[in-house]
Amino acid sequence: MKKATPAYEFSKGIWKENPILVQLLGMCPTLAVTSTVINGVAMALATSFVLIMSSLIISSLRKIIPSSVRIASFIVVIATFVTLVDSFLKAYFYDISKALGPFIPLIIVNCLILGRQEAFASKNTVKMSLLDAFGMGIGFFLSLLVLSTVREILGFGTWFGIQVMPDLFNPWMVMIMAPGAFLTLGIMLGAYGIFKGKKSRGV
Amino acid sequence: MKMSETLRMVIVLTSISIISGASLAVVDSVTKTRVNLNKQSALSEGLKRLMPKADNFKKEDINNNGKVIAIYRAVKGDTLVGWGFHLKGPGFSDKIEIIAAVNPKITRLLGIEVLEQKETPGLGDNMKKESFRKQFKGLSINRKIEFVKNRIPEKGSNKIQALAAATYSTRYLLDIINDNINKIRNMKKIRHIIGGEK
């Protein structure tokens with residue numbers, strides 16, 4: 001294992017231990033809300049915000065929270081921030097809140113967030129935990145951006161709601177349905193695997 | 001002094017919960033008015049689109065077997081130009097909320113607006129689209145509104161073309177309209193305003 005330098009803790013979430021492509025965490029929102037880029041981006045930002053804030057609180061309380069009630073404490077902290085985000089979106093970004101519907105409250109049970117609290121924030125300093133959370137958040141964001149870009153362009157012919165495909169293009173209905181999410185994610189995982197495999201063999 | 005483990009557990013978890021509850025209460029009180037405002041403005045914009053002639057919408061709550069339905073009397077000056085009914089009902093995925101606008105006598109639909117729905121993206125949620133919703137304009141309320149699949153319904157048949165591959169969403173939407181509007185029309189309070197004739 002590599003030495004835990006700040007730079008490593010930050011960068012590992014983006015590529016080497018990407019939460020979607022490597023850890024396969026947080027699949028539910030990943031598959032469900034990425035039919036359009038705007039929804040994918042909003043979900044990634046909301047999740048990242050909750051992740052960063054929870055890591056901040058949990059890592060600063062890590063010496064106070066007894067290990068027997070740690071999971072309960074994590075969930076209360078996470079749920080607080082999720083509810084906060086939910087009210088904020090409802091008040092200031094009503095359309096996005098309507099589009100994401102029940103998936104915002106479901107961030108509470110996103111394993112990515114709970115996983116980082118248990119695996120990292122509860123054992124590391126505030127500084128390292130924040131770097132870890134930012135890295136993981138960026139990794140999550142980028143994966144969702146790629147996934148939703150592919151799905152929106154093929155499924156609607158648009159990107160961020162702007163027409164990018166010629167008028168002749170017939171949108172692939174399947175891409176905005178659940179199977180489209182699985183297909184795209186599978187291809188992304190495969191591509192990641194090929195790339196990583198080649199690199200480690202030195203090809 | 002060493003605190004017992006049990007006591008520490010209780011104290012830590014309780015304090016975390018209290019702080020969490022308190023911060024949520026603060027956030028809720030800050031955002032509540034804005035959230036309601038958003039919902040209200042979506043509703044009044046919908047009413048205006050459906051009945052552009054009206055210059056005022058007077059809200060009234062009516063009781064339908066314990067269920068409160070908000071109805072809006074659309075007026076231009078003193079003349080009644082239509083009604084807006086805020087209707088809710090189950091959809092294919094979740095609750096569907098619509099505004100149904102009708103003429104003053106409550107015999108014909110002027111149109112519908114979809115306020116909230118979580119139907120399948122790309123299929124059922126096409127009910128938001130103008131091309132689908134415009135079919136409701138002019139349909140009679142005296143007869144049940146029905147649907148046909150994959151073709152344009154005959155003129156005067158009081159039917160609409162169902163959403164492609166979303167028959168259930170269409171059915172639920174029609175149920176909301178068919179079930180509620182007749183009931184509202186037959187209420188004593190409403191009959192009194194529109195007169196006895198059908």
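**Figure 1. Leu24(A) in a loop of chain A, shown in a predicted model.** Leu24(A) is partly exposed, because its relative accessible area is 42%, and partly exposed residues are those between the 20% limit for buried and the 50% limit for exposed. The residue belongs to the loop that connects α1 (6-11) with α2 (27-32) of chain A. Its backbone angle phi is near 50°, a positive value in a residue other than glycine.

**Figure 2. Gly40(A) and its surroundings in helix α3 of chain A.** The helix that holds Gly40(A) covers residues 37-60. Is Gly40(A) buried or exposed? With a relative accessible area of 0%, Gly40(A) is buried, since the term applies to values under 20%. When neighbours within four places in sequence are set aside, Gly40(A) is in contact with Val33(A), Thr34(A), Leu144(A) and Ser148(A). A further residue for orientation is Ser54(A), which is 14 residues from Gly40(A) along the chain; the C-alpha atoms of the two are separated by 21 Å.

**Figure 3. The fold of chain A as a whole.** Chain A contains nine helices and two strands. Read from the N terminus, its elements follow the order α-α-α-α-α-α-α-β-β-α-α. Chain A is as compact as a globular protein of its length, because its radius of gyration of 18 Å is close to the 17 Å that the globule rule gives for 203 residues. Along the principal axes, the C-alpha atoms of chain A fill a box of roughly 60 × 50 × 25 Å. Of the contacts in chain A with a separation of 6 or more, 75% are between residues 24 or more positions apart.

**Figure 4. The surface and the charges of chain A.** Buried residues account for 45% of the 203 residues in chain A. The chain exposes about 9600 Å², and 74% of this area is supplied by carbon and sulfur atoms. Chain A carries 17 positive and 8 negative charges, and the mean positions of the two groups are 13 Å apart.

**Figure 5. Strand β4 of chain B and its pairing with β3(B).** Strand β4 of chain B comprises residues 95-102. How many of its eight residues are buried? Seven are, so the strand is largely enclosed by the rest of the structure. On one side of the pairing is strand β3 (residues 79-90) of chain B, which runs antiparallel to β4(B) and is joined to it by eight bridges. Within this pair, Pro90(B) stands opposite Lys95(B) of β4(B). The link from β3(B) to β4(B) is a hairpin through four residues.

**Figure 6. The hairpin of β4(B) and β5(B).** Strand β5 of chain B, made up of residues 109-116, pairs with β4(B) in the antiparallel sense over six bridges. Ala101(B) is found opposite Gly111(B) of β5(B). Six residues lie between the strands of this hairpin, where Ile106(B) takes a positive phi near 55°.

**Figure 7. Asn150(B) in a loop of chain B.** The loop that contains Asn150(B) lies between β6 (146-148) and β7 (159-161) of chain B. Asn150(B) is exposed, because its relative accessible area is 68%, and values over 50% are classed in this way. Although Asn150(B) is not a glycine, its phi is positive, at about 60°.

Terms used:
Residues numbered from 1 in each chain as written. Chains lettered and ligands numbered in written order. Predicted model: local features only at pLDDT ≥ 70, side-chain atom pairs only at ≥ 80, totals over all residues. Heavy atoms only, no water. Rg over C-alpha atoms; globule rule 2.2 N^0.38 Å. Buried < 20%, exposed > 50% of the residue type's maximum accessible area, 1.4 Å probe, protein only. Contact = heavy atoms within 4.5 Å. Areas by Shrake-Rupley, 256 points an atom, 1.4 Å probe, with all protein chains shown as cover. Lys, Arg positive; Asp, Glu negative; His and termini not counted. Charge placed at Lys NZ, Arg CZ, Asp CG, Glu CD. Pairing = 2+ DSSP bridges.
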